[in-house]
Amino acid sequence: MAGNRPILLQHGWGFDSSMWKNWVHTSGDDDFILPDRGYFGEEKIVDVAQVEMAVTHSFGLHLLPAELIPRLKQLVILSGFQEFHPNTPIERTFSQRIVRYMLRNIEGDSETVLKKFCQNCYHPDESDCPVPPVIDAKRLHEDLVSLDCHKLDINLLRLAGRIVIIHGMKDGIVPHNKAFQLQYSLPGSEIITHEDGSHMIPVTHARWCLDRMAQLS
């Protein structure tokens, strides 16, 4: 990655901007911009006027401002998807039932839902997944509703410049076939996989991700 350029790092559902802390500490050459949805504290809305590169994790791809995408010279998609639920009927029904369970319980039992979700995100890696003391369950519920039904406008995404898709082959939240579906829908895009990467590959394999990105410059 070239230095002295603003790079937007957008977290996904159930996490916050602190997930990028190892990126900030490890890479001193770039100016990272860290928006935060406010699930566990104050929401942070950032100025994207000068942003020409963005890195998204999971549902974070869907949280990018629509007006930013055509201006992006480079977009790195980590553990991303166009549509969350699988295409095949049986798998789709199973996935929808899990999300509906989360929707029913996220406001009444946020800690249990978040802890289980976090553990599944890191699996097969181990993580204690401590739940923050402050939780905005309403905002989590609102974004989970969006995740449940939103399908990204692929034509809008095609307006971005270079698109690189990075995905863990052991991702149990967003199966790796979602990455290949994205690549197929985005002519000219590139895909990089990690055989042991989970859904939280930007955390568990932060250095590896940064190295792959450095090679893109």
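Strands here are DSSP runs of type E with at least two residues, numbered from the N terminus. By that count, L78 falls in strand β4, residues 74-78. The model shown in every view is predicted.

**Figure 1. The whole predicted chain, with its eight helices and six strands.** The order along the sequence is β-α-β-β-β-α-α-α-α-β-α-β-α-α. The radius of gyration is 16 Å, close to the 17 Å that the globule rule gives for 217 residues, so the protein is as compact as a globular protein of that length. The C-alpha trace spans about 45 × 40 × 35 Å along its principal axes. Of the 217 residues, 50% count as buried. The protein exposes about 10,600 Å², and carbon and sulfur atoms supply 50% of that area. Among contacts with a separation of 6 or more, 70% join residues 24 or more positions apart. The chain carries 21 positive and 28 negative charges, and the mean positions of the two sets are 5 Å apart.

**Figure 2. L78 in strand β4 and the residues around it.** L78 has 0% relative accessibility; the limit for buried is under 20%, so L78 counts as buried. Its contacts beyond four places in sequence include W20 and W23. V55, T56, H57 and S58 also touch L78. Further contacts of L78 are I166, I201, P202 and C209. I166 is a partner from far along the chain: L78 and I166 are 88 residues apart in sequence. In space, their C-alpha atoms are 4.9 Å apart.

**Figure 3. H194 in strand β6, residues 190-194.** H194 counts as buried, at 15% relative accessibility. Its side chain reaches the backbone nitrogen of D196 at 3.1 Å. Neighbours within four places in sequence aside, H194 is in contact with H167, G168 and M169. I201, H205 and W208 are also in contact with H194. I201 appears in the previous view too, where I201 touches L78.

**Figure 4. Strand β3, from M53 to the loop that follows.** M53 lies in strand β3, which covers residues 53-57. At 1% relative accessibility, M53 counts as buried. M53 and T93 are 40 residues apart in sequence, and their C-alpha atoms are 35 Å apart in space. S58 sits in the loop between β3 and β4. S58 is buried as well, with a relative accessible area of 7%. Most residues other than glycine have a negative phi. S58 has a positive phi of about 55° although it is not a glycine. S58 is also one of the residues that touch L78.

**Figure 5. The loop between α3 and α4, with P124 and C129.** Helix α3 covers residues 110-122 and helix α4 covers residues 137-149. P124 is found in the loop between them. Most peptide bonds are trans. The bond from H123 to P124 is cis, with omega near 10°. C129 belongs to the loop between α3 and α4 too. C129 has a positive phi of about 50°, although it is not a glycine. Is C129 buried or exposed? C129 is buried, with a relative accessible area of 3%.

Technical notes:
Residues numbered from 1 in each chain as written. Predicted model: local features only at pLDDT ≥ 70, side-chain atom pairs only at ≥ 80, totals over all residues. Heavy atoms only, no water. Helix = DSSP H or I, 4+ residues; strand = E, 2+ residues; numbered from the N terminus. Rg over C-alpha atoms; globule rule 2.2 N^0.38 Å. Buried < 20%, exposed > 50% of the residue type's maximum accessible area, 1.4 Å probe, protein only. Contact = heavy atoms within 4.5 Å. Areas by Shrake-Rupley, 256 points an atom, 1.4 Å probe, with all protein chains shown as cover. Lys, Arg positive; Asp, Glu negative; His and termini not counted. Charge placed at Lys NZ, Arg CZ, Asp CG, Glu CD. Polar contact = N/O pair within 3.5 Å; in protein donor to acceptor, adjacent residues only side chain to side chain.
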